[in-house]
Amino acid sequence: MTRDIASIVRTLGGELVDGARNAGTPVDEVVGIDDFSVVGHPGFATLVVVPGRRLAEVLADGSARAASLRQAVLVTHAGGASARRAVEAAGATAILGAGSSDDLLVPMLTALLAVDQAAEDRAVTSAMKVLTLAARRGGASGVVAELAHRIDGWAVLLDRHGQVITTAGAGGLHIQDAIAVALGRPVRVRHRGLQVHAVGPGEDLSAQLVVSSRTEASSRARELGSQAAALLDLLLRTDDPTRTERLGRAVMVDALLAGGDAAPELLRKWGVHETSLTGFVLTARSASVEVERLVTHWLDELGAAHILTADRGTVTGFLRDDHVDAIAARVDAYASAIFLGIGSPAPTDALGRSAAEAGQAVEAARAEGRRVVRYRTIPTVQYVIDRLGDGDARRVAHLLDPLRDAAGEHGELTETLRVYLAENGAWGVTAERLGVHRQTLTARIHRVEELTGLSMADADDRTAAWLALRTLALMTPRSE
């Protein structure tokens, strides 16, 4: 619970002198007199610690800061009749005779408020979990009802035109007050603690949430009201509650496919802490098979995260390496014809290649009528090279002869081409691996194209270049 002035007095064991602030006003910060300028929030009290020897001087000061002090709460170790008279004459609020010395009051009160704020944050986090669950089970009405219970008050949800969507608590008795404050009508509102939270941004406003807490100016009610409004915005903008989840998964999978340092961090936020994952693609012969629902059910059985996205009956995603065999077994045993392509395990910052391999594997599975195909079992470049005769191998490798340097050796241009193709044409990653500027890399690739007559924009040319590089690496110096 947020600390108010009365609780601070009880903790310090001092005497409260009433002024502009009443004892129930919540406290949000504490400062020393030399650091004070203005009260930060009119709905909250700022504690200003003043040494006893300076109390009369501070209150008698005719500056603007002295006027601001009347809206704050002075705290001092000093007490007695003279101190009380000075405070009362200035019309200020003060806690006199605080049990700790003036030197210790600021750190002690700061620690006290910090502990209180931490507890408040935990309470808000816990309440938001419950609100999210209420959204899944009861929609907007469930959120509003749970919110009213959590803030110990009432709530009214109005559409953008001021019509009631739902109420909770005693909200049904205060609809006119809620409408008045939401639409800015010149009607006297009887509740000082009313808060209005916009549901939706700016001109795209979809509703307004009006709440009232029994504590009038509760920071917890304000924080929960704000977060509940954001939750309601999602609920009111879609007729399919799962659409938002699907969209979120699609965006996250796109980020994983892009790779880089952000991918492992995103996975950790997703609750996935593995350093390696395996890409998969699942599809079905018949459109009547809901492959997304099928694979999510299997993942639930394994207790695994749903790191996947679906598009036109095809699911692309990533599995823990130790779950691959279990999913493959379920595909093999499934009654209808479904096809699973499995890539190679890959580090979580470079999952794009594993997903691409899985895509190739599932195409092979469909073409061959096999349920499960692992990329590593598909005939690859090595399979092709192994079946080339010496003469054919030389002819393939000679494709890169124009890249040799003046001494007849393969050097800078050949290595640039190899790294570029190995990184799937990713300019930034290639430049970083080679330790060159992107403009330098671009110039080198253009030079490779000019010398070899190949175009890196053409899939066949890229395949030919990669085959030549692999053949060259395997050839002996004699056959070169």
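These legends accompany a set of close-up views of a predicted model.

**Figure 1. The whole chain, with its 18 helices and 14 strands.** Before zooming in, here is the overall picture. The protein chain has 480 residues, and 41% of them count as buried. Among contacts in the chain with a separation of 6 or more, 59% are between residues 24 or more positions apart. The chain exposes about 24900 Å², and carbon and sulfur atoms supply 50% of that area.

**Figure 2. The largest nonpolar core, a set of 22 residues.** Good residues to find in this view are Leu131, Leu147, Leu157, Leu209 and Leu232, which have the most contacts inside the core. Four elements give two or more residues to it: helix α5 (102-150), strand β6 (153-159), strand β9 (207-213) and helix α7 (219-236). Of these, α5 gives the most, with 8 residues. Apart from this core lies another one, of 21 residues, and Phe280, Ala284, Trp298 and Ala304 are among its members. Phe280 returns in Figure 6.

**Figure 3. Leu147 of helix α5, one of the residues with the most contacts inside the largest core.** Is Leu147 buried or exposed? Its relative accessibility is 0%, so Leu147 counts as buried. What does Leu147 touch, once residues up to four places away in sequence are set aside? The list is Leu131, Leu209, Val211, Leu224, Gly225 and Ala228. Look also for Ala221: the C-alpha atoms of Leu147 and Ala221 are separated by 8.6 Å, while the two residues are 74 apart along the chain.

**Figure 4. Leu157 and the residues around it.** Neighbours within four places in sequence are left aside here. Among the residues in contact with Leu157 are Ala140 and Val144, along with the run Gln163, Val164, Ile165 and Thr166. Val199 is in contact with Leu157 too, as are Ala207, Gln208, Leu209 and Leu232. One of these contacts has a counterpart in the strand pairing: Thr166 in β7 is the bridge partner of Leu157.

**Figure 5. An open sheet of 4 strands in the order β7-β6-β9-β8.** The pairing in this sheet is antiparallel. At the edges stand β7 (164-168) and β8 (194-199); each has a single partner strand, so one side of each is left without a neighbour in the sheet. From one strand to the next, the twist averages 15°. If you follow β6 and β7 along their pairing, you will pass 4 bridges, again in the antiparallel sense.

**Figure 6. Strand β10 (residues 276-284) and its pairing with β12 and β13.** Why is β10 described as largely enclosed by the rest of the structure? Of its 9 residues, 8 are buried, so the strand is largely enclosed. Strand β13 (residues 338-347) runs antiparallel to β10 and is joined to it by 8 bridges. Ser276 has Pro347 of β13 as its bridge partner. Strand β12 (residues 314-320) is also antiparallel to β10, with 7 bridges between them. In that pairing, Phe280 stands opposite Gly317. Phe280 is also one of the residues of the 21-residue core mentioned under Figure 2.

**Figure 7. Helix α15 (residues 412-422) packed against helix α17 (residues 438-452).** The two axes come within 10 Å and cross at roughly 105°. Angles of 65 to 115 degrees count as roughly perpendicular, and α15 and α17 are therefore roughly perpendicular to each other. On the α15 side, the residues that meet α17 are Glu412, Leu413, Thr416, Leu417 and Tyr420. They meet Leu441, Arg444, Ile445, Arg447, Val448 and Leu451 of α17. Helix α15 is mostly covered, with 8 of its 11 residues buried; these include Leu413, Thr416, Leu417 and Tyr420. Just after the helix, Asn424 takes a positive phi of about 55°.

**Figure 8. Helix α16 (residues 427-434) against α17.** Here the axes come within 9 Å and cross at roughly 100°. α16 and α17 are therefore roughly perpendicular to each other. Trp427, Gly428, Thr430, Ala431 and Leu434 are the α16 residues that meet α17. Their counterparts in α17 are Arg438, Leu441, Thr442, Arg444 and Ile445. Leu441, Arg444 and Ile445 will look familiar from Figure 7, where they meet residues of α15.

Terms used. Residues numbered from 1 in each chain as written. Predicted model: local features only at pLDDT ≥ 70, side-chain atom pairs only at ≥ 80, totals over all residues. Heavy atoms only, no water. Core = buried A, V, L, I, M, F, W, Y, C linked by side-chain atoms within 4.5 Å. Buried < 20%, exposed > 50% of the residue type's maximum accessible area, 1.4 Å probe, protein only. Contact = heavy atoms within 4.5 Å. Pairing = 2+ DSSP bridges. Areas by Shrake-Rupley, 256 points an atom, 1.4 Å probe, with all protein chains shown as cover. Axes fitted to C-alpha atoms, helices over the stretch in contact; angles between N-to-C directions. Parallel < 35°, antiparallel > 145°, perpendicular 65-115°, else oblique.
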